[in-house]
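Look at the model below with its ligand in view. Keep the sequence at hand while you read.

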Amino acid sequence: MSFEVIVIGGNFAGLSAAMQLARARRRVLLVDAGAPRNRFSQASHGFLGQDGQTPTAIMREGKRQLSLYPTVTIRDGEVVQARADGDEFVIGITGGDEERAARIVLATGISDTLPEIPGLRDRWGRSVLHCPYCHGYEVSGGKLGVLANHPHSAHAAMLIPDWGETTYFTQALFEPDEGQLAGLTARGVRIERSPVVELLGDTPRLEAVRLGDGRVVRLDAVFVAPKTAMASPVAEQLGCVFDDGPFGPLIRTGDNKETSVKGVFAAGDAASAMHNATLASASGVLAGVHCHQSLAIQPTR
Ligand SMILES: Cc1cc2nc3c(=O)[nH]c(=O)nc-3n(C[C@H](O)[C@H](O)[C@H](O)COP(=O)(O)OP(=O)(O)OC[C@H]3O[C@@H](n4cnc5c(N)ncnc54)[C@H](O)[C@@H]3O)c2cc1C
């Protein structure tokens with residue numbers, strides 16, 4: 001089968017884009033490497049109708065429903081190369097196969113780089129958390145920490161008291177300014193300036209953190225904002241323009257989710273400053289709809 005659209009990445013954003021295109025009866029190839037960003041968590045929260053499901057179950061059901069559309073082909077694999085060739089795009093998939101289409105939707109997501117602190121990586125997605133809206137409810141009432149690794153960290157620490165008793169760990173790097181200090185104090189946030197040097201407890205549970213000065217502070221969960229990078233080089237290979245996001249680069253798109261490269265659309269975490277499953281899915285819908293409209297109105301790019 002020849003394809004009209006290739007969707008690269010098959011989780012919230014990619015499946016949502018492909019679903020719109022499938023329902024518009026377009027021939028779609030979706031290629032997915034099967035490593036979604038939230039795979040470290042046991043449960044995904046806040047996605048309508050799927051609250052508390054495992055990330056794997058949500059993805060599997062999304063693929064099952066998409067596969068019922070006769071114009072859709074789903075392939076497991078990684079797109080390792082992508083380029084324009086005249087009016088088309090050509091992708092190379094692990095194993096050596098090449099496929100072509102008039103449009104590309106990039107939904108490849110991002111990868112996280114965590115601070116190098118012993119015991120932190122092993123607890124990622126379990127008791128080391130990125131987002132209180134996703135996982136705060138499950139740790140509410142506990143002793144909570146915010147590990148500063150970004151100028152926005154003090155702002156995040158002001159929100160966390162809604163879930164539990166909060167300590168802001170400056171890591172001796174992100175001392176709050178006067179306004180932040182007033183805000184943290186008003187919210188009852190404790191400030192700890194001796195850096196966290198180790199996370200303690202029966203992994204993946206967190207029981208305490210050890211500080212540089214030797215003290216041990218009891219803690220049930222800690223929030224941290226990882227630095228992010230593109231999960232795949234395909235956007236760069238296609239020549240897409242990037243913007244600086246708060247935590248790492250983002251693919252630049254217009255309101256219609258088209259990138260700086262005509263015929264290439266992008267959605268989800270790779271193209272958005274706010275990272276959330278529902279938002280990724282919504283932007284995938286936008287990308288799918290606008291991709292379809294561009295095919296309908298101007299089939300060649
Ligand atoms: C630990 C953790 C827990 C989270 N929990 C929640 C939560 O509970 N609720 C919530 O709303 N949000 C949560 N999030 C945020 C949420 O995971 C993301 O916003 C969402 O997954 C983004 O969806 P996406 O489709 O853009 O990317 P992803 O979900 O990361 O999916 C991208 C897909 O593309 C594939 N891919 C990448 N490159 C290629 C390639 N070259 N070829 C083929 N396939 C490729 C990947 O393997 C992956 O399957 C969490 C994030 C983290 C880090």
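The report covers the ligand site, a pocket and two backbone details.

This is a predicted model, where local features need pLDDT of at least 70, side-chain atom pairs count only at pLDDT 80 or more, and totals for chains, interfaces and linings use all residues. Residues are numbered from 1 along each chain as its sequence is written, and side-chain values use heavy atoms, with hydrogens and water left out.

**The ligand**

Start with the ligand. Around it sit 37 residues, each with a heavy atom within 4 Å of it. N11, D32, A35, H45 and D269 come nearest. By class, the shell has 14 nonpolar, 18 polar and five charged residues. Here Ala, Val, Leu, Ile, Met, Phe, Trp, Tyr, Cys and Pro count as nonpolar, Asp, Glu, Lys and Arg as charged, and the others, Gly among them, as polar.

Three polar contacts (pairs of N or O atoms within 3.5 Å) are listed here.

| Residue | Part of the residue | Distance to a ligand oxygen atom |
|---|---|---|
| N11 | side chain | 2.8 Å |
| D269 | side chain | 2.8 Å |
| N276 | backbone | 3.0 Å |

The ligand has 1,000 Å² of accessible area on its own, and the protein covers 98% of that. Such areas come from the Shrake-Rupley method with a 1.4 Å probe.

α1 (12-23), β2 (28-32), α3 and α7 (277-297) each give at least two residues to the shell. Helices (H or I, at least four residues) and strands (E, at least two) are DSSP runs, numbered from the N terminus. Domain 1 (5-112 + 227-296) and domain 2 (115-223) each add at least three residues to the shell. The domain bounds come from an automatic or database assignment.

**The second largest pocket**

Next, a pocket. On a 1 Å grid over the protein atoms alone, a pocket is an open set of points where a 1.4 Å probe fits, with protein on both sides within 12 Å along at least five of seven lines; lining residues have an atom within 4 Å of a point. The second largest pocket holds about 670 Å³, the space filled by probe spheres set on the points, which are joined across faces, edges and corners.

Its lining has 26 residues, and H130, C131, P132, A156 and F247 lie nearest the centre. α4 gives the most, with four residues. The lining divides into 16 nonpolar, nine polar and one charged.

**Two backbone details**

A cis peptide bond joins T203 and P204, with omega about 10 degrees. P204 is in the loop between β13 (196-200) and β14 (208-211).

R25 is not a glycine, yet its phi is positive, about 65 degrees. R25 is in the loop between α1 and β2.

Definitions and conventions: Polar contact = N/O pair within 3.5 Å; in protein donor to acceptor, adjacent residues only side chain to side chain.
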